[in-house]
Amino acid sequence: MCSCAPHLLDSISPPRKINSYAIYGEDNRLDIHYGKRRHRRLGYGVGLFIHRDKLVPEGKRFYAPQGIPFKDLAPLQSRRLKNFPLCEEVRFQDQLSYGDCTGVLIAPNRFLTAGHCVRHYQETKQLEKMRVVFFVEEFRKDKYQRDHILVRKNYVRKIARVVEMVHERGRKDYAIVEFAKPVKIKMFYALPEDKNSFIHELGDDLILIGHPLGLAKKFSLDSKIKGRDSSFYYADLDGFMGNSGSPIINLSKKDKKGRPYLLGIYAAGKDDFQVDEERSCVKESSYETIHPRLMERIFRLDKIGDLQKR
């Protein structure tokens, strides 16, 4: 496992070693439109980094993001996985991958994500070409008569500057970027405002919302805090490459307005794919019993400080 950025689109950046993630027990990832209203609302502030060249205008108000098939993602074409095809049971094979890392809105013009993602964009001189795109979501086939995803242009933002970026392997991994123009999206989660709101307990119920593998927005429930140390919480989240920077929200702890608190952002975890030698195909890694410190890592917001003053 490494802490380098999970870059998925071979046309944007060359294949390289990536962060790893996995499934714990049963895979409970779902497209966001299957969620209850309260879950869908929590995902309003979740955005995906997409290269500007992948956003094709469609009419005056929309972009049609251009993706590549899940099965063609560069990380899947590796020696470790022997270039085998995906096993037939691997989910979301019919969907496209549009981008790289995920992040979450913390102010109308501020976006929190993983530090290793922003660092890689800077090192490869891609940051000014990346756009943060909100509402990259699969649509209900029974409700909308179209065959591809559309996003409104007013939910696409260019990055004006990096406010703060820290990537210390095994310790800190976050970045805050500022948009050139604020975005009008209501946040239905709460940011910690005092010491008490930073306190989270083992066993608290969590929801992960993000873009695993650069796919359309997914959410995952039925996860709990299993462990913690000075920098991270550990949880049995179903996360994959592309989830870096995804918000993890504590459903067990809410502010005075009834909004659940943002716990942290996704950092890293176990290998997400493995070879099935008998069938000569690649399957998703699954873990039934594992030590908490080996589960998915969530970078703690209390290691950043007061987000509301940034």
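The following exchange concerns a predicted model.

Visitor: Which strand gives the most residues to the largest nonpolar core?
Guide: The largest nonpolar core has 45 residues, and Phe-49, Leu-112, Phe-134, Ile-209, Ile-304 and Leu-307 are those with the most contacts inside it. Five of the core residues come from one strand, spanning residues 172–179, and this is the top contribution: strand 13.

Visitor: How many residues does the other core, which includes Leu-86, have?
Guide: Apart from the largest nonpolar core, which has 45 residues, lies another core. Among its members are Leu-86, Val-90, Phe-273 and Val-275, and its count is 16 residues.

Visitor: Why do strand 4 and strand 11 each have one side left without a neighbour in the sheet?
Guide: The open sheet consists of three strands in the order 4-5-11, with antiparallel pairing. Strand 4 (55–58) and strand 11 (151–152) therefore each leave one side without a neighbour in the sheet, because each stands at an edge with a single partner strand.

Visitor: Which residue of strand 11 is the bridge partner of Tyr-63?
Guide: Strand 5 (residues 62–65) and strand 11 run antiparallel and are joined by two bridges. In strand 11, the partner of Tyr-63 is Val-151.

Visitor: Is Ser-252 buried, partly exposed or exposed?
Guide: Ser-252 belongs to strand 17 (residues 247–254). Buried requires under 20% relative accessible area and exposed over 50%. Ser-252 has 41% relative accessibility, so its class is partly exposed.

Visitor: What backbone atom does the side chain of Ser-252 reach at 2.8 Å?
Guide: Beyond its neighbours within four places in sequence, Ser-252 is in contact with Asp-204 and Asp-205. At 2.8 Å, its side chain reaches the backbone nitrogen of Asp-205.

Terms used
Residues numbered from 1 in each chain as written. Predicted model: local features only at pLDDT ≥ 70, side-chain atom pairs only at ≥ 80, totals over all residues. Heavy atoms only, no water. Core = buried A, V, L, I, M, F, W, Y, C linked by side-chain atoms within 4.5 Å. Buried < 20%, exposed > 50% of the residue type's maximum accessible area, 1.4 Å probe, protein only. Helix = DSSP H or I, 4+ residues; strand = E, 2+ residues; numbered from the N terminus. Pairing = 2+ DSSP bridges. Contact = heavy atoms within 4.5 Å. Polar contact = N/O pair within 3.5 Å; in protein donor to acceptor, adjacent residues only side chain to side chain.
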